[in-house]
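This report walks a new reader through one protein model, beginning with the whole chain and then turning to one helix and a few single residues. Please keep the structure in view while reading.

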Amino acid sequence: MKYLCQVWFDGGVLDAMTKEEKAELDTNSLNYDKELVESGHMIVAQALQSPKSAVTVRVRNGEMSVTDGPFAETKEALGGFILIEAKDLNEAIRIAAGIPLARLGAIEVRPIHSFGKDA
């Protein structure tokens, strides 16, 4: 079954890190990604740019509106995601706990809904 691991963290925590700490986090993250690839759990992983680069799109009554940034002001923002394959939720949680950014923020694990013949 597929699970989306959403990586949420406070960007201020990263901003406060030294170059060495950031480099270590990057190395640990890339190494964990390699482990997931080698174990067959990794489908895709991507980091996102700052929420400041985001736009929010809404369509109401046929009219589109676009606003800068995320809709809600929060400390934690979605910083990236990892789409994984796991046998069940318990395995997905174990995999999510290994994501290095779980020590700085939170990982939301959500099952992917399957439509059609694969459902």
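Buried residues, meaning those under 20% relative accessible area (exposed is over 50% and partly exposed lies in between, with a 1.4 Å probe and protein chains only), make up 23% of the 119 residues in the protein. The model is a predicted one, in which local features need pLDDT of at least 70 and side-chain atom pairs count only at pLDDT 80 or more, while totals for chains, interfaces and linings use all residues. Residues are numbered from 1 along each chain as its sequence is written, and side-chain values use heavy atoms, with hydrogens and water left out.

**The whole chain**

The protein has three helices and six strands, where helices (H or I, at least four residues) and strands (E, at least two) are DSSP runs numbered from the N terminus. Along the sequence these elements follow the pattern β-α-α-β-β-β-β-α-β. The C-alpha atoms fill a box of roughly 50 × 45 × 20 Å, taken along the principal axes. If contact is taken as heavy atoms within 4.5 Å, then among contacts between residues at least 6 apart in sequence, 73% join residues at least 24 apart.

The protein exposes about 8500 Å², of which carbon and sulfur atoms supply 56%; accessible areas come from the Shrake-Rupley method with a 1.4 Å probe, and for residues only the protein chains shown count as cover. There are 13 positive and 18 negative charges, and their mean positions are 3 Å apart. In this count Lys and Arg are positive and Asp and Glu negative, with His and the chain ends not counted, and each charge is placed at NZ of Lys, CZ of Arg, CG of Asp or CD of Glu.

**Helix 3 and its two faces**

Which residues of helix 3 are buried? In this helix, which spans residues 89-97, they are E91, A92, I95 and A96. They lie on the same side of helix 3 because they cover an arc of only 140° around the axis, the arc being that of the directions from the helix axis to the C-beta atoms. As a general matter, an α-helix has 3.6 residues a turn, so residues three or four places apart point the same way. The cover over the buried residues of helix 3 includes strand 1 (2-10), helix 2 (19-39), strand 5 (76-85) and strand 6 (106-111), whereas the face turned away from the buried side carries the exposed residues N90, R94 and A97. At the N-terminal end of helix 3, D88 acts as a cap, with a side-chain oxygen 3.2 Å from the backbone nitrogen of N90.

**Single residues**

The table lists relative accessible areas for five residues.

| Residue | Place | Relative accessible area |
|---|---|---|
| E91 | helix 3 | 15%, buried |
| H41 | loop between helix 2 and strand 2 (42-47) | 13%, buried |
| A102 | loop between helix 3 and strand 6 | 26%, partly exposed |
| E108 | strand 6 | 28%, partly exposed |
| N61 | loop between strand 3 (55-60) and strand 4 (63-68) | 83%, exposed |

Not counting residues up to four places away in sequence, E91 touches H41 and A86, and the side chain of E91 reaches the backbone nitrogen of K87 at 2.5 Å. With neighbours within four places again left aside, H41 is in contact with L36, L83, I84, E85, A86, E91, R94 and I95. The side chain of H41 also makes a polar contact with the side chain of S39 at 2.6 Å; a polar contact is a pair of N or O atoms within 3.5 Å, of which, within protein, one must be able to donate a hydrogen and the other to accept it, and residues adjacent in sequence count only if both atoms are side-chain atoms.

Leaving aside neighbours within four places in sequence, A102 is in contact with A96, A97 and I107. A102 and W8 are 94 residues apart in sequence and 8.3 Å apart in space, C-alpha to C-alpha. On the same basis of neighbours left aside, E108 is in contact with L4, C5, Q6 and W8, and the side chain of E108 makes a polar contact with the side chain of R110 at 2.3 Å.

For N61, phi is near 50°, a positive value in a residue other than glycine. Most residues other than glycine have a negative phi.
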